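Biologist: I would like a close look at one part of this model, the sheet and what packs on it. Please keep to what can be read from the coordinates.

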Amino acid sequence: MKNGRTIFSLGQLNKSIQNHFSKVAGPYWIKAEVAQLTYSGGHAYLDLIEKKNNLIIAKSRANIWASELDVFKHRLKGVFNEVVKEGSNVLIEAEVEFHLVYGMSIRIVDIDASYSIGELERIRKEAIDKLEKEGQWIGKKTFRCLTCLNG
């Protein structure tokens, strides 16, 4: 104690936070947007965000360790890169971790692909509706006919 103040080292503070995090029950299902995605050493590192009125109101780092990443890629096959990409909305099962050096992060333990695929379909439908309103949507049948004429 110095001048009536209790002083903690950064390590002591982080250890206290880590102890608290270890008591928090999990995992949790979380919906978020993938703002950034990088791969390194077989692992995936993500920045997850939540927006409200186009403003970021929450942000956190997340990771998918290599062993889980392999499982996700195998299980989701061709849609993995559509589900887990920058700008996509995801529903993930996650555990919160706190590392003494790297701080808090979210470890992704499962991905609900049907949520992301549903979001992609909703965005696609909105884009088509907007193009139709603007008179710029040719439609599938017309496009196929135009392709046949040009081919």
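Which strands does helix H2 (residues 66-76) lie across?

Modeller: The model is a predicted one. Helix H2 lies across S1, S2, S3 and S5, and its direction is at about 30° to S5. To place that helix, it helps to go through the strands beneath it.

Five strands close into a barrel, in the order S1-S2-S3-S5-S4, with mixed pairing. From one strand to the next the twist averages 50°. In general, the strands of a sheet are paired by backbone hydrogen bonds, in either a parallel or an antiparallel sense.

Start with S1 and S2, which are antiparallel and share seven bridges. Within this pair, Glu-33 has Ile-49 of S2 as its bridge partner. The two strands form a hairpin with two residues between them, and there Gly-41 takes a positive phi near 60°.

The next pair, S2 and S3, is also antiparallel, with nine bridges. Three partnerships place residues along it. Ala-44 stands opposite Ile-64 of S3, Leu-48 is bridged to Ser-60, and Lys-51 has Ile-56 as its partner. This hairpin again leaves two residues between its strands, and Asn-53 in the turn has a positive phi of about 55°.

From S3 the order continues to S5. These two strands run parallel and are joined by two bridges. Ala-62 is partnered there with Ile-106 of S5.

Another helix is in contact with the sheet too. Helix H1 (residues 10-23) lies across S4 and S5, running at about 130° to S4. S5 therefore appears under both helices, given that contact here means heavy atoms within 4.5 Å.

The strands also contribute to the pockets. The largest pocket has a volume of about 250 Å³. Its lining takes two or more residues from each of S1 (28-40), S2 (43-52), S3 (55-64), S4 (89-99) and S5 (103-111). Of the 15 lining residues, those nearest the centre are Tyr-45, Arg-61, Asn-63, Tyr-102 and Ser-105. By class, this lining has six nonpolar, six polar and three charged residues.

The second largest pocket holds about 190 Å³ of space and is lined by ten residues. Closest to its centre are Lys-31, Ala-32, Glu-33, Glu-50 and Asn-89. Glu-33 is thus a residue already met above, as the bridge partner of Ile-49. S1, S2, S4 and helix H4 (113-133) each supply at least two residues of this second lining. Its classes are four nonpolar, one polar and five charged residues.

To return to the helix you asked about, H2 lies across S1, S2, S3 and S5, and those strands are members of the closed barrel.

Terms used:
Residues are numbered from 1 along each chain as its sequence is written. This is a predicted model: local features need pLDDT of at least 70, side-chain atom pairs count only at pLDDT 80 or more; totals for chains, interfaces and linings use all residues. Side-chain values use heavy atoms; hydrogens and water are left out. On a 1 Å grid over the protein atoms alone, a cavity is a set of points where a 1.4 Å probe fits but cannot get out, and a pocket is an open set with protein on both sides within 12 Å along at least five of seven lines; lining residues have an atom within 4 Å of a point. Grid points are joined across faces, edges and corners, and a volume is the space filled by probe spheres set on the points. Helices (H or I, at least four residues) and strands (E, at least two) are DSSP runs, numbered from the N terminus. Ala, Val, Leu, Ile, Met, Phe, Trp, Tyr, Cys and Pro count as nonpolar, Asp, Glu, Lys and Arg as charged, and the others, Gly among them, as polar. Two strands pair if DSSP finds at least two bridges between them. Axes are lines fitted to C-alpha atoms, for helices over the stretch in contact, and angles run from 0 to 180 degrees between N-to-C directions.
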